[in-house]
Amino acid sequence: IKEILRKYQEKYGSLAKENLPLKPKTKPELDDSPLVDETKHKEYQHIIGVCQWLIVAGRFDLTHAISSLSRFAAAPREGHLELARKVFGYLKKYPKRGYAINPTPLKIDVQYEEVELKLSFGNQYSYFREEMDPRFPEPLFEEFDAHVFCDADHGHDQITGRSITGLFTVVCSTPMTWSSKRQKCVHTSTFGAEFTALKAAVEEVVMLRYHLRSMGIKVSRPTPIFVDNMSVVLNATNPGSTLNKKTVALAYHFVREHVANEVVEIRKIASEDNFADPFTKALVSNDFHGFYHECMVNG
């Protein structure tokens, strides 16, 4: 990272200094500053490209900021470029952040260990079976605990009204996958946005369990998914729940059939303890650094 920053400084000049990738009240979609010229356009695309590579390499603390800024790579404005430079300033201040491979079990507060409501679905989803490839090898390792944290920011984009989904997956105590993406449709309620995010989390669990089995790792227990919306938890786990929101019909049944057949468990978690929260919005300094202090190392 230091070499990347050095080359950037040689080519484009000084780096902005900032404690956070994006300020809490920053909304790139509302920026109305002039469009940049060709030279600055290339600089902007260079920053976004490098940061996207760094995110894949393990700097998931940049995920939300770069997800927000990359949408404007085709036609960035002066304000977007200034924000992108501040991301590099943040990297200059914290060049050695990363994550460690940690096989110890993840420490979860005891209050989040139990499912809020666990009832039998009876024959409601009896047709469903988790996909089991006959070519899976015999398990060579004991079961690894996996946890998925899920969150949504309703109406995040003030221009289009689309919400944003944040996901963070941990196997043992090692971060495995992370994402911050705008949802594909507009939801008029927080419930709809949160349930759509939960559907994405279940899809992530299905893929993760398949990969673990492919590597000879035993997978037998339900995978916990932590969300911070109690209404979503109850609608996903209560067999007596009725579908009142037709706009989330597919997500509703997709999630419930995986809950009914013990592929996943939906657990309630407080927002301040939800590791997916910083993937959905810009946080104030203390909250931002507090979250990443828990799941990253400074090298």
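Visitor: Just after α2, what sign of phi does G58 take?

Guide: G58, which comes just after α2, has a positive phi of about 130 degrees. Keep in mind as we go that this is a predicted model. The general idea is that most residues other than glycine have a negative phi.

Visitor: Which residue has a positive phi although it is not a glycine?

Guide: C172 is one, with a phi of about 60 degrees. C172 sits in the loop between β2 and β3. Its relative accessible area is 10%, under the 20% cut-off, so C172 counts as buried. E262 also has a positive phi of about 60 degrees without being a glycine. The loop between α7 and β5 (264-268) holds E262. With a relative accessible area of 48%, E262 is partly exposed.

Visitor: Let's go back to α2. How far apart are its end C-alpha atoms, and what should its 20 residues span?

Guide: Helix α2 covers residues 38-57, and at 1.5 Å a residue its 20 residues should span 28 Å. The end C-alpha atoms are 29 Å apart, which agrees with that expectation.

Visitor: And which residues of α2 are buried?

Guide: Start from the general pattern: an α-helix has 3.6 residues a turn, so residues three or four places apart point the same way. In α2, the buried residues are E43, Y44, I47, I48, V50, C51, L54 and I55. Looking down the helix axis, these buried residues fall within an arc of 165 degrees, so they line one face of α2. The other side of α2 has E38, T39, K42, W53, V56 and A57 exposed.

Visitor: What covers the buried residues of α2?

Guide: The cover includes the helices α1 (2-12), α3 (63-69) and α4 (78-93), along with strand β3 (174-182).

Visitor: Which residue caps the N-terminal end of α2?

Guide: That is D37. One of its side-chain oxygens lies 3.3 Å from the backbone nitrogen of T39.

Visitor: May we try the same reading on α4? Which elements do its buried residues pack against?

Guide: The buried residues of α4 pack against α1, α2, α3 and α8. They are G79, H80, L81, L83, A84, K86, V87, F88, G89, Y90 and L91. As for length, α4 has 16 residues and reaches 23 Å from first C-alpha to last, close to the 22 Å expected at 1.5 Å a residue.

Visitor: Now to the empty space. How many cavities of 30 Å³ or more does the structure hold?

Guide: There are 2 of them. The largest cavity contains about 90 Å³ of space. Its lining is made up of L20, P21, L22, D61, H64, A65, P278, K281, A282, L283, F288 and Y292. The elements giving two or more residues to that lining are α3 and α8 (285-295).

Visitor: A pocket is open, unlike a cavity. How much space lies in the largest pocket?

Guide: The largest pocket has about 870 Å³. It is lined by 31 residues, and the closest to its centre are T165, S179, K181, R182 and A200. At least two lining residues come from each of α2, α3, β2, β3, α5 and α7 (249-260). The largest share, 7 residues, is supplied by β3.

Visitor: R182 is among the residues closest to the pocket centre. Which side chain does a polar contact of 2.9 Å join to that of R182?

Guide: The partner is D157, side chain to side chain. D157 belongs to the loop between β1 (146-153) and β2 (164-171). Buried means under 20% relative accessible area, so D157, at 1%, counts as buried. Leaving out residues up to four places away in sequence, D157 touches E29, R71, R162 and R182.

Visitor: One more loop residue, please. Is V248 buried or exposed?

Guide: V248 is buried, with a relative accessible area of 2%. Its place is the loop between α6 (230-237) and α7. Setting aside residues up to four places away in sequence, V248 touches H187, F191, G192 and T196. V248 and E78, by contrast, are 38 Å apart from C-alpha to C-alpha, and 170 residues apart in sequence.

Visitor: And where does H211 lie?

Guide: H211 lies in helix α5, residues 190-214. Its relative accessibility is 42%, so H211 counts as partly exposed.

Conventions
Residues numbered from 1 in each chain as written. Predicted model: local features only at pLDDT ≥ 70, side-chain atom pairs only at ≥ 80, totals over all residues. Heavy atoms only, no water. Helix = DSSP H or I, 4+ residues; strand = E, 2+ residues; numbered from the N terminus. Expected span 1.5 Å × (residues − 1). Buried < 20%, exposed > 50% of the residue type's maximum accessible area, 1.4 Å probe, protein only. Arc of directions from axis to C-beta. Contact = heavy atoms within 4.5 Å. Polar contact = N/O pair within 3.5 Å; in protein donor to acceptor, adjacent residues only side chain to side chain. 1 Å grid on protein atoms, 1.4 Å probe; cavity = no way out; pocket = protein on both sides within 12 Å on 5 of 7 lines; lining within 4 Å. Points joined across faces, edges and corners; volume = space filled by probe spheres on them.
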